[in-house]
Amino acid sequence: MRLRLQQLAVSYPAPGGTLLPALGPITFDIADDEFLCLVGPSGCGKSTLIRVLAGLLQPTAGSAYCGDALIDRPLPDIAIMFQDANLMPWRTVLDNIALPLEIAGVAESERHQTVRELLPQLNLDGFELAYPAELSGGMAQRAALGRVILQQPRIWLLDEPFGALDALTREKLSLELLRLRQRSRQTIVLVTHDISEAVLLADRIIVLSRRPGAVIADIAIDLPRPRFAAMIYQPEFLRLTKQVRESIESLRD
Amino acid sequence: MAKNESTQPEIARPYANGVVWRRLSPLATVLVLILVWHWITDWQLVSRILIPPPAQVLQSLAKALADGTLAKHAGTTLGEMMLGLPLGVSIGLAIGYAIAKAPLLEYILSPIIVAFQSTPIVAYAPLLIIIFGTGPSSKVVTTAVIVFFPTLVNTIVGIRGVSPRLRDLMRSLNASRWQIFRKLELPSALPVILAGLKTSATLAVIGAVVGEFVGSGSGLGVLVISARSQYDTPLVYVTVLTMTAIALSLYSLVALVEWRVLVWQRRST
Ligand SMILES: Nc1ncnc2c1ncn2[C@@H]1O[C@H](COP(=O)(O)OP(=O)(O)O)[C@@H](O)[C@H]1O
Ligand SMILES: [Mg+2]
């Protein structure tokens, strides 16, 4: 499903009754099934943009559309995943992953069955009755991933979902993300501060300027799919990484 | 917090058998206290009129149980508490929830609430007796009033402490208001609310007994005063200890509920 951003801008109220521009105005489209990575300096409005697309924040100006629908509230086709796993500490892994089904009114036996079928894919079998505090960071994030999968969204919004993990776990999880996506294609908008990760995963990378974020580079990544970890040594990969890095570094003056 | 990802069985926890001793230690404290009490009276360190020996108190207890005095008065007090406690707790929960959701309400209600809380209950108990009469209903109200405040404060703290990121999650799942309450706000605030309920449980006895002191036909508060005026010191002790037992049982009941409900907290530390 296509996402369209039209003259989208967000300002936050600042002390003294003024408005602090945090994002935009930006205008661009995200194609159906596209894997888009958003990179940019910290504080440039990436999370703000994700929250607008998730329908959790009203833009100050302009608008965002999902297909033909104006995004003015959370839409069922769009799911969001946060930097920390954001699990409920009082729920077991099983009940945390099953939450979207529970909200949708699916019967308990049925939703537990669905989750149990998903657990091996998430490498979480045997942990369904554990509580979030008993999980490692990587496992918690995989549980959060499972929760998103059960929403069956057409569009995934991922705000630095692996940002808090160590480099190896992060790489493993991002490749798992690709694998999951190959089975059923979705539109993905992924925020990351890791340029290699962005090039390895994306069809397209958008680089945002300093606050208020505006599009300063829009780079197509035409590496062949399926992607694999060893690609990072290929000359084409290095060329693209360099291109993204240079556009980010051009921001420093 | 984060454990490693191995699935090996967990090594036995240290202090596993220390738990039994920890559970039994309050009982040991009580036993020691009774022994000390016995010796004090046995060696006549203090006049027996001031502190009767445990055996005499036990006799008095047996008598009060046999002739139904204790059951009658304790029954009255318990009845008042069992109505006043849920009443005050529900009002505290409802107003606390409303205040947590609408901060403007706090500004509007805070003068009343603070005034209520800073006036000692003994001061307005007579007022409540005038309004509600010397029957049980005035004690139901004193109990409700005294348990209201801890419930209120803990509900506000609990609901305000709900993670905004989990709120975002529930909103993005298109959860209804009721689902947000039932599946997020309530379980998230429950540890704090139960802590408040433990305080309320012990305060409930105070509320009922203070009401009875001021004016009543029966109840443990009345029994204490009549026993004292008849110089029946053992009966005074029996009555006071009954109040303690009621407060302790109620507290333990809430603690038990807490223990059953908050499994995840024990597992998470
Ligand atoms: N709720 C808020 N209120 C006020 N300012 C905010 C709020 N959220 C974010 N900001 C500000 O808006 C800017 C963009 O924030 P954010 O979208 O989180 O950036 P990023 O995710 O790119 O690091 C930052 O300067 C931040 O301080
Ligand atoms: Mg951010």
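**Exercise 1. Helix packing in chain B**

Which residues in H3(B) meet which residues in H10(B)? Work from this predicted model, and describe the geometry and the chemical make-up of the contact as well.

*Solution.* Begin with the residues themselves: on the side of H3(B) the contact is made by B:Leu70, B:Ala74, B:Leu78, B:Met81, B:Met82 and B:Leu85, and on the side of H10(B) by B:Val238, B:Thr242, B:Ile246 and B:Leu250. Sorting these residues by class gives nine nonpolar, one polar and no charged residues for the contact of H3(B) with H10(B). Turn next to the geometry, for which two packed helices are described by the angle between their axes and the distance between the axes. Here the angle between H3(B) and H10(B) is about 35°, and their axes are 12 Å apart. To finish, assign the hand of the crossing, which is right-handed for H3(B) and H10(B).

**Exercise 2. The surroundings of helix H9 in chain B**

Determine which residues of H9(B) are buried, what those residues pack against, and which backbone feature comes just after the helix.

*Solution.* Helix H9 of chain B spans residues 220–229, and its buried residues are B:Leu220, B:Gly221, B:Val222, B:Leu223, B:Val224 and B:Ala227. The second step is to ask where these residues point: they pack against three helices of chain B, namely H3 (69–101), H8 (177–214) and H10 (233–261). Two of these partners, H3(B) and H10(B), also pack against each other, as their angle of about 35° and axis separation of 12 Å describe. Finally, follow the chain past the end of the helix, where B:Tyr231, just after H9(B), takes a positive phi of about 55°.

**Exercise 3. Helices H5 and H6 of chain A**

Classify the relative orientation of H5(A) and H6(A), and list the residues through which they meet.

*Solution.* The axes of H5 (residues 137–151) and H6 (residues 167–183) of chain A come within 11 Å and cross at roughly 20°. Because this angle falls under the cut-off of 35 degrees, H5(A) is roughly parallel to H6(A). The hand of the crossing, in which H5(A) passes H6(A), is right-handed. Now take the contact residue by residue: H5(A) contributes A:Gly138, A:Gln141, A:Arg142, A:Leu145 and A:Ile149, which meet A:Thr169, A:Leu173, A:Glu176, A:Leu177 and A:Leu180 of H6(A). By class, the residues of this contact divide into five nonpolar, three polar and two charged.

**Exercise 4. Buried or exposed?**

Is B:Asn154 buried or exposed, and how should A:Ser11 be placed on the same scale?

*Solution.* B:Asn154 is found in helix H6 of chain B, which covers residues 136–160. Its relative accessibility is 19%, and because buried means under 20%, B:Asn154 counts as buried. Setting aside residues up to four places away in sequence, B:Asn154 touches B:Val192, B:Ile193 and B:Gly196.

A:Ser11, by comparison, lies in strand S1 (residues 3–13) of chain A. With a relative accessible area of 22%, A:Ser11 is partly exposed. Beyond its neighbours within four places in sequence, A:Ser11 is in contact with A:Leu19, A:Leu20, A:Pro21, A:Ala22 and A:Thr60.

**Exercise 5. Backbone features of chain A**

Locate the cis peptide bonds that involve A:Pro212 and A:Pro226, and then examine the positive phi values of A:Gln7 and A:Asp33.

*Solution.* The peptide bond from A:Arg211 to A:Pro212 is cis, with omega near -5°, and A:Pro212 sits in the loop between strand S9 (204–208) and strand S10 (215–220). A cis bond also joins A:Arg225 and A:Pro226, where omega is about 0°, and A:Pro226 belongs to the loop that runs between S10 and helix H8 (235–249) of chain A.

For the phi angles, start with A:Gln7, which is not a glycine and yet has a positive phi of about 45°. This residue is found in strand S1 of chain A, and A:Gln7 is exposed, with a relative accessible area of 51%. A:Asp33, likewise a residue other than glycine, has a positive phi near 70°. Its place is the loop between strand S2 (19–30) and strand S3 (35–39) of chain A, and at 24% relative accessibility A:Asp33 counts as partly exposed.

How values were computed:
Residues are numbered from 1 along each chain as its sequence is written. Chains are lettered from A and ligands numbered from 1 in the order in which they are written. This is a predicted model: local features need pLDDT of at least 70, side-chain atom pairs count only at pLDDT 80 or more; totals for chains, interfaces and linings use all residues. Side-chain values use heavy atoms; hydrogens and water are left out. Helices (H or I, at least four residues) and strands (E, at least two) are DSSP runs, numbered from the N terminus. Buried means under 20% relative accessible area, exposed over 50%, partly exposed in between (1.4 Å probe, protein chains only). Contact means heavy atoms within 4.5 Å. Axes are lines fitted to C-alpha atoms, for helices over the stretch in contact, and angles run from 0 to 180 degrees between N-to-C directions. Angles under 35 degrees count as roughly parallel, over 145 as roughly antiparallel, 65 to 115 as roughly perpendicular and the rest as oblique. A crossing is left-handed if the near helix is turned anticlockwise from the far one by less than a right angle, and right-handed if clockwise. Ala, Val, Leu, Ile, Met, Phe, Trp, Tyr, Cys and Pro count as nonpolar, Asp, Glu, Lys and Arg as charged, and the others, Gly among them, as polar.
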